[in-house]
Amino acid sequence: PTVNWWPRHVGDYAARTGHLRLVEHGILTLLTDYYYATEKPLPPDAIYRLAHAVTRAERGAVDRILAEFFELGPDGWRNHRADREIAAFRAKSDKASASAKARWHASGRNANASADALRPHCDGNALQE
């Protein structure tokens, strides 16, 4: 599974971004959403396209957002907070998956072993008139 939402803590966001202009808020949101959706650093060669930045002023705003909230590494623009949140999501997902597998193996059941393993609730109403 991939991250399909990210924890946007309003107080933290406001404290870190209160100085941004409207266009900069939009850019930060677009780039952060893309980062979480792909779970990987932002590609430097597509950064203006990802931010929908066309004009010189918009591209300047992208550059300011990158400088303040991201760090350029060999694999692209990274956001360390997003990296931590994604790692936590993956750890939680892996733990839940392992727990579910352990439950099935411990019970001696296999979801595919028997058609009656999970009987539908509607069986009793199948012939209802």
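**Group meeting: leucine 42 and its surroundings**

I'll start at leucine 42. Setting aside neighbours within four places in sequence, leucine 42 is in contact with Leu31, Tyr34, Tyr35, Ile47, Leu50, Phe70, Gly76 and Trp77. Please keep in mind that this is a predicted model.

Now the chain as a whole. The protein chain has 5 helices and 2 strands, and from the N terminus on the order is α-α-α-α-β-β-α. Of the 129 residues in the protein chain, 26% are buried. Take the contacts with a separation of 6 or more: 61% of them are between residues 24 or more positions apart.

Back to leucine 42, this time as part of the core. The largest nonpolar core has 22 residues, and Leu42 is listed with Leu31, Ile65 and Phe70 as having the most contacts inside it. At least two residues of this core come from each of H2, helix H3 (47–50), H4 and helix H5 (80–106). As background, nonpolar side chains in soluble globular proteins tend to be buried together.

Two of the contacts of leucine 42, Tyr35 and Phe70, bring me to the aromatic rings. How many aromatic pairs does the structure hold? It holds 1. The ring centres of tyrosine 35 and phenylalanine 70 are 6.3 Å apart and the planes are at 50°, so the pair is tilted; the tilted class ends at 60 degrees, over which a pair counts as edge-to-face. The pair links distant parts of the chain, with the two positions 35 residues apart: tyrosine 35 is in helix H2 (residues 22–38), and phenylalanine 70 is in the loop between helix H4 (56–69) and strand E1 (71–73). Tyrosine 35 and phenylalanine 70 are both buried.

Next, the packing of H2 against H4. Their axes are 9 Å apart, at an angle of about 60°, which makes H2 oblique to H4. The crossing of H2 past H4 is right-handed. On the H2 side the residues are Val23, Glu24, Ile27, Leu28 and Leu31; these meet Glu58, Ala61, Val62, Arg64, Ile65, Leu66 and Phe69 in H4.

Last, two backbone points. Which loop holds glutamate 39? Glutamate 39 lies between H2 and H3, and its phi is positive, near 55°, in a residue other than glycine. Its relative accessibility is 13%, so glutamate 39 counts as buried. Histidine 52, in the loop between H3 and H4, also is not a glycine and has a positive phi of about 60°. Is histidine 52 buried or exposed? At 55% relative accessibility, histidine 52 counts as exposed.

Methods: Residues are numbered from 1 along each chain as its sequence is written. This is a predicted model: local features need pLDDT of at least 70, side-chain atom pairs count only at pLDDT 80 or more; totals for chains, interfaces and linings use all residues. Side-chain values use heavy atoms; hydrogens and water are left out. Rings of Phe, Tyr and Trp (its six-membered ring) pair if their centres lie within 6.5 Å; planes under 30 degrees apart count as stacked, over 60 as edge-to-face and the rest as tilted. Helices (H or I, at least four residues) and strands (E, at least two) are DSSP runs, numbered from the N terminus. Buried means under 20% relative accessible area, exposed over 50%, partly exposed in between (1.4 Å probe, protein chains only). A nonpolar core is a set of buried Ala, Val, Leu, Ile, Met, Phe, Trp, Tyr and Cys residues joined through side-chain atoms within 4.5 Å. Contact means heavy atoms within 4.5 Å. Axes are lines fitted to C-alpha atoms, for helices over the stretch in contact, and angles run from 0 to 180 degrees between N-to-C directions. Angles under 35 degrees count as roughly parallel, over 145 as roughly antiparallel, 65 to 115 as roughly perpendicular and the rest as oblique. A crossing is left-handed if the near helix is turned anticlockwise from the far one by less than a right angle, and right-handed if clockwise.
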